[in-house]
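This note comments on the charged side-chain contacts of the structure shown below. The points are numbered for ease of reference.

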Amino acid sequence: MKKEIIINAAIGATRIAILENGRLVELFVEQPENERMVGDIYLGKVVNVVKGMHAAFVNIGHRQDAFLHFSDIGDLLADYKTFIDVNGSRDNSQNRSRNSYPKEGQEILVQIIKEPIKKKGVRISTELSFPGRFLVLVPNSDVVGVSKKIFSQKEKRRLKKVLREIQPSGFGVIARTVAEDKDDKILKLDLDALLRNWQSIEKKLRGASPPSLVYKDAGDRKSVV
């Protein structure tokens, strides 16, 4: 398979096209004047907890503090150090508290899930996810899932079997719609690329102090597969 990457950089925008055998399979578009923030990951610090609002405000270095609703924490709240693989293995039970509130001064790893609106800051979540071309990597989780847009039950069973075989310890993996009918080796290559991205985040976290941007999403991604 012949794979090409074409980059077009201009004042107005940067476009990156990925071609396979001369066929466009993915297109990335980034516009500096309207920089996309959804997907970016920060090491932040909780500055205010308002239990009456079921929310907390987190300093991630923006002009306005980020908004963290308790529903975006999920069942478990993890200390950011839980995400760092120091000894080559993970224990998902460590440093995590079920149904707990964040505390003022607490350092947490968060991902932007909604852009700012007028005077409101970005909305964030403590549940992280990394979309690749075929898979989504979910750190500090054990979920194995398949896109609801894949309707074949036989294909869903096949994908779940493949994901369980390649699932790394301490991570959940979800198959995207475009993973349908893809070879096991291709899925494994996509997972390996996602893990390398995560390892680069771990390195940043070891020397980071809040507020810090530790991962910048690639920008607007348009799949044409």
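1. The model is predicted. A convenient place to begin is Asp 192, which is partly exposed at 24% relative accessibility. Its salt-bridge partner is Lys 188, with the closest N and O atoms 2.8 Å apart. Lys 188 is likewise partly exposed, its relative accessible area being 35%.

2. Lys 188 and Asp 192 belong to helix α2, where four residues, or about one helical turn, separate them.

3. A further salt bridge joins Arg 158 to Glu 155, and here the closest N and O atoms are 2.8 Å apart. Both residues are found in helix α1 (residues 153-166), at a spacing of three residues, about one turn of the helix. Glu 155 has a relative accessible area of 7% and is therefore buried, since the limit for that class is under 20%. Arg 158, at 26% relative accessibility, counts as partly exposed.

4. Arg 158 also meets the side chain of Asp 184 in a salt bridge, at 3.1 Å from N to O. Asp 184 lies in helix α2 (residues 184-206) and Arg 158 in helix α1, so this pair ties together parts that are 26 residues apart in sequence. With a relative accessibility of 37%, Asp 184 is partly exposed.

5. Taken together, Glu 155, Arg 158 and Asp 184 form a linked network of salt bridges. Over the whole structure, the search finds seven salt bridges; among them are the pairs Arg 158 with Glu 155, Asp 184 with Arg 158, and Lys 188 with Asp 192.

Conventions: Residues are numbered from 1 along each chain as its sequence is written. This is a predicted model: local features need pLDDT of at least 70, side-chain atom pairs count only at pLDDT 80 or more; totals for chains, interfaces and linings use all residues. Side-chain values use heavy atoms; hydrogens and water are left out. A salt bridge is a side-chain nitrogen of Lys or Arg within 4 Å of a carboxyl oxygen of Asp or Glu. Helices (H or I, at least four residues) and strands (E, at least two) are DSSP runs, numbered from the N terminus. Buried means under 20% relative accessible area, exposed over 50%, partly exposed in between (1.4 Å probe, protein chains only).
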